[in-house]
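Q: I'd like to learn how to read a helix and a chain contact straight from a model. Can you walk me through one?

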Amino acid sequence: MKGTKKTYLSKKATELKPSGIRRFFDLAAGMEGVVSLGVGEPDFVTAWGVREAAISSLEQGFTSYTANAGLLELRQEISNYMKKQFKVEYSPKEEIIVTVGASQAIDIAMRAILDPGDEVIIIEPCFVSYLPMVELAGGVAVQVQTLKENDFKILPSQLEAVMTEKTKAIMLCSPNNPTGSMLNKNELKELAEIVEKHDLLVIADEIYGELVYDEEYTSLPSIPGMRERTILVSGFSKTFAMTGWRLGFVCSPPEISDAMLKIHQYAMMCAPTMSQYAALEALKNGRPDVEEMIKSYRRRRNYIVQSLNEIGLTCHMPGGAFYAFPSIESSGLSSQEFAEQLLKQEGVAVVPGDVFGESGEGHIRCSYASSIEQLQEAIKRMKRFMDSLSLKID
Amino acid sequence: MKLTEKEMEIVEILEKNARLPMEDLAKMVCLSVEETEKAVHKLEENKIIIRYISIIDWTKIDGYSGVRAMIDVKVTPKRGVGFEEIAERIYRFKEVNSVYLMSGAYDLSVIIEGESMNEVAQFVSHKLSTLDSVVSTTTHFILNKYKHDGIIFEPDNKDKRIVVSP
């Protein structure tokens, strides 16, 4: 753009902040021998049966577009799956759209419901994309900070406090990334009361809904009165270890589904066909693999949470997802300093909590989607790191 | 013996990794170290955990020349003792690694280990086929071992994920 001072970039794009995770990725990517607890995806490779189904679909020449909303057969299976696992019923023809990951589902949901100035309550700490997606859709993100004292669960009073005339929706993620906290049935009921009282929608990101370890999982739309007010977002990435396939789905009442489908058909056409065939196989025959992975995550969680507490990084026992979110208060460092020093000194990658929102400061996110051997090594190194810090303080 | 949920967990974990330190095993199943030790001991006493062994890839060791063969054995079962007696007579040989009673075209599947093909052949012709009840044998030598008891021998364990992601 020689000879011109004009910028071709939109104001929105210019003002968009790069994700704080990016900086850490750059730091860690060049290093040798890093043990990473910084990864937000399963360590399992997609089950062979699922991969084989995708290969077979390619061999048979299923390489063209599907219906905008996705293969009807897949939507039918998703409908069965939601009924069985989450006790919610959605019509495959009118209420389910197959998307390119849960992220795209959140994007079309925001774009379908937000007018300029509409407010969406974002419960932090949370996944890094929620806030930018609200803003990109023209909405205003209103942040609420959950607290360590409440095991990072949102309290109804906190929501009441930020409610305005313009509040349109609440963005909810339970079990949560990065804290692993999960709202149980009673807590969801309390939330539902506020949603009804203020006539709101909830975009419920339930991508970790199957990865729960203690209490039974309750899906928000299964709470009386909530089905009509929920845009349920989920997908195959976490439960079925299929992150790279980019396949998610969104369930909502027909009116909202219709609006989202319009946006989806113009912006995306349809989700990748081979991924849809893989997902179909995952739903039909992937159950044993899922059960096995859940068992494995539970054991790793038990191990890492107790080990972190032992070395002075206190954390609550998270109910779901695959993250521990310990406090680093005892180190006397900020979460950025802690993560950076830990990486440089011991070669362990974790994500500083503040990238997930202000209230994440003072914490780090440790993903336990790693083999137990990797976790043992990480804990060994982190203990050495903590010991070195206390020596300095002494 | 009926196992508790925790005991079942312990069995499942140890089956995959018997060398896990007791402290780590205890954490994984949310028991104290003492309780875990007690549970493991009970499993050992009751012969649910029979033994802890290593899976070794002998082919990686210089000078190793061992061979393995699977032998399909047809036998005449005896009145009163069925296949038990002949199975026992076969498995008592130290050369015999495993013996299974099979459905289908033959009766016993016998796995033999030896220093050389010749040694295995000698065993089959001199010891196995000469047994009274043995009607016929078919010997298959194993050329390569890709996966054994759920363990892949040359696994691609490389973590293909990017180091940090949201």
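A: Sure, we'll take one helix, then the contact between the chains, then the domains; keep in mind that this is a predicted model.

Q: How does the length of helix 3 of chain A compare with what its 12 residues should span?

A: Helix 3 covers residues 48–59 of chain A, and at 1.5 Å a residue it should span 16 Å. Its end C-alpha atoms are 16 Å apart, so the two agree.

Q: Which residues of helix 3 of chain A are buried?

A: First the general idea: an α-helix has 3.6 residues a turn, so residues three or four places apart point the same way. Here, A:Val50, A:Ala53 and A:Ala54 are the buried ones. Looking down the axis, you find the buried residues within an arc of 100°, so they line one face of the helix. Helix 10 (273–285) of chain A is part of what covers them.

Q: And what sits on the face turned away from that buried side?

A: There you meet the exposed residues A:Trp48, A:Glu52, A:Ile55 and A:Glu59. Just after the helix, A:Gly61 takes a positive phi of about 85°.

Q: How many residues does each chain give to the contact?

A: Interface size is often quoted as accessible area lost when the parts come together, but here let's count residues. Chain A brings 23 and chain B brings 13. On the chain A side, helix 2 (20–29) and helix 11 (287–310) each give two or more residues. That side divides into 12 nonpolar, 8 polar and 3 charged residues.

Q: Where do the domains of chain B lie?

A: Domain 1 runs over 5–45 and domain 2 over 58–144. Their C-alpha centres are 36 Å apart.

Notes:
Residues are numbered from 1 along each chain as its sequence is written. Chains are lettered from A and ligands numbered from 1 in the order in which they are written. This is a predicted model: local features need pLDDT of at least 70, side-chain atom pairs count only at pLDDT 80 or more; totals for chains, interfaces and linings use all residues. Domain bounds come from an automatic or database domain assignment. Two residues are in contact if their C-beta atoms, placed from the backbone, lie within 7 Å. Helices (H or I, at least four residues) and strands (E, at least two) are DSSP runs, numbered from the N terminus. Ala, Val, Leu, Ile, Met, Phe, Trp, Tyr, Cys and Pro count as nonpolar, Asp, Glu, Lys and Arg as charged, and the others, Gly among them, as polar. The expected span of a helix is 1.5 Å times one less than its number of residues. A residue is buried if 20 or more other C-beta atoms lie within 10 Å of its own, exposed if 12 or fewer, and partly exposed in between; C-beta atoms are placed from the backbone. The arc is that of the directions from the helix axis to the C-beta atoms.
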